[in-house]
Amino acid sequence: VILGLAQPAELIVSDARQLAWRIVKLVAIVSLLTILLAALTAYAITRPVQAMMDSIKRFAHDRSISPLPLLRSDELGLLARSFQNMQLEILTQIKDLQDSRNALEHLAQHDPMTGLPNRRCFFGCLERAIANARRSGKPLAVLFVDLDHFKQINDRFGHATGDQVLQAVARQLSSITREVDTVARLGGDEFVVLLEHFEQAKDVLPI
């Protein structure tokens, strides 16, 4: 105490000020480093989480797959890989459902034996053709095709041969008509051809 009291007060205060300033600078540097480390840690954690949230929103909106942090070895990487597998499984199921629906719609509109439009599909085409003919003033033609003695073919050679005859007739009718024409099977041995886009009735005679 005596030695301390022997020191000039200005010298002691000067040393204290220098020490306080050093402490302030040290605290400021440590605080900045802590804030920077916290920001980097938060960015490293929130960036993949935000990327996954954006990917979930886009997938829910338009079924598009966005990049995910798949290479991470932590829980976020495991979650990202699990979510990608779920996305792929959902897309596969949606595709299977769409294919099944398309197949059912095709079966509902087409004859399974010949692949031609069936009665339901034909009458839908006929209604549209009549509406177009009324607007354009151009004629249309409906040709009814019935196979003579078809029952005798089934009775003599069997239904399998009868089915082959129907398929051959379907191919023949399709080959002699235009792409804009409609060839359909109404049922049994009855076929029908819808002709459009011609100028005069005599144009139907060659067909």
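1. A good place to start in this predicted model is the hairpin: strand 2 and strand 3 form it with 2 residues between them. In the turn, Gly188 has a positive phi of about 60°, a backbone value you may like to look at on screen.

2. The hairpin pairing itself is antiparallel, with 5 bridges joining strand 2 (residues 182-187) to strand 3. Two partner pairs help you find the register: Gly187 stands opposite Glu190 in strand 3, and Thr182 has Leu194 as its bridge partner there.

3. What else pairs with strand 3? Strand 1 (residues 141-146) does, running antiparallel to strand 3 and joined to it by 6 bridges. Here Ala141 stands opposite Leu195. Strand 3 thus has bridges to strand 1 and to strand 2.

4. How many residues of strand 3 are buried? The count is 5 of the 6 in residues 190-195, so strand 3 is largely enclosed by the rest of the structure. Strand 2 can be described in a similar way: 5 of its 6 residues are buried, so the rest of the structure largely encloses this strand too. As background, side chains in a regular strand alternate between the two faces of the sheet.

5. Now for the nonpolar packing. The largest nonpolar core has 14 residues, and Leu147, Phe191 and Leu195 are those with the most contacts inside it. Helix 6 (159-175) and strand 3 each supply at least two residues of this core, and helix 6 gives the most, with 4 residues. In general, nonpolar side chains in soluble globular proteins tend to be buried together.

6. Leu147 deserves a click of its own. Leaving aside residues up to four places away in sequence, Leu147 touches Val165, Leu166, Val169, Asp189 and Phe191. A second, separate core has 9 residues, including Phe122, Cys125, Leu126 and Ala129.

7. Finally, a look at helix 2 (residues 9-62), where Lys25 has its place. Is Lys25 buried, partly exposed or exposed? Its relative accessibility is 40%, so Lys25 counts as partly exposed; that class lies between the cut-offs of 20% for buried and 50% for exposed. If you want a distance to check in your viewer, take the C-alpha atoms of Lys25 and Gly115: these residues are 90 apart along the chain, and the two atoms are separated by 86 Å.

Conventions. Residues numbered from 1 in each chain as written. Predicted model: local features only at pLDDT ≥ 70, side-chain atom pairs only at ≥ 80, totals over all residues. Heavy atoms only, no water. Buried < 20%, exposed > 50% of the residue type's maximum accessible area, 1.4 Å probe, protein only. Pairing = 2+ DSSP bridges. Core = buried A, V, L, I, M, F, W, Y, C linked by side-chain atoms within 4.5 Å. Contact = heavy atoms within 4.5 Å.
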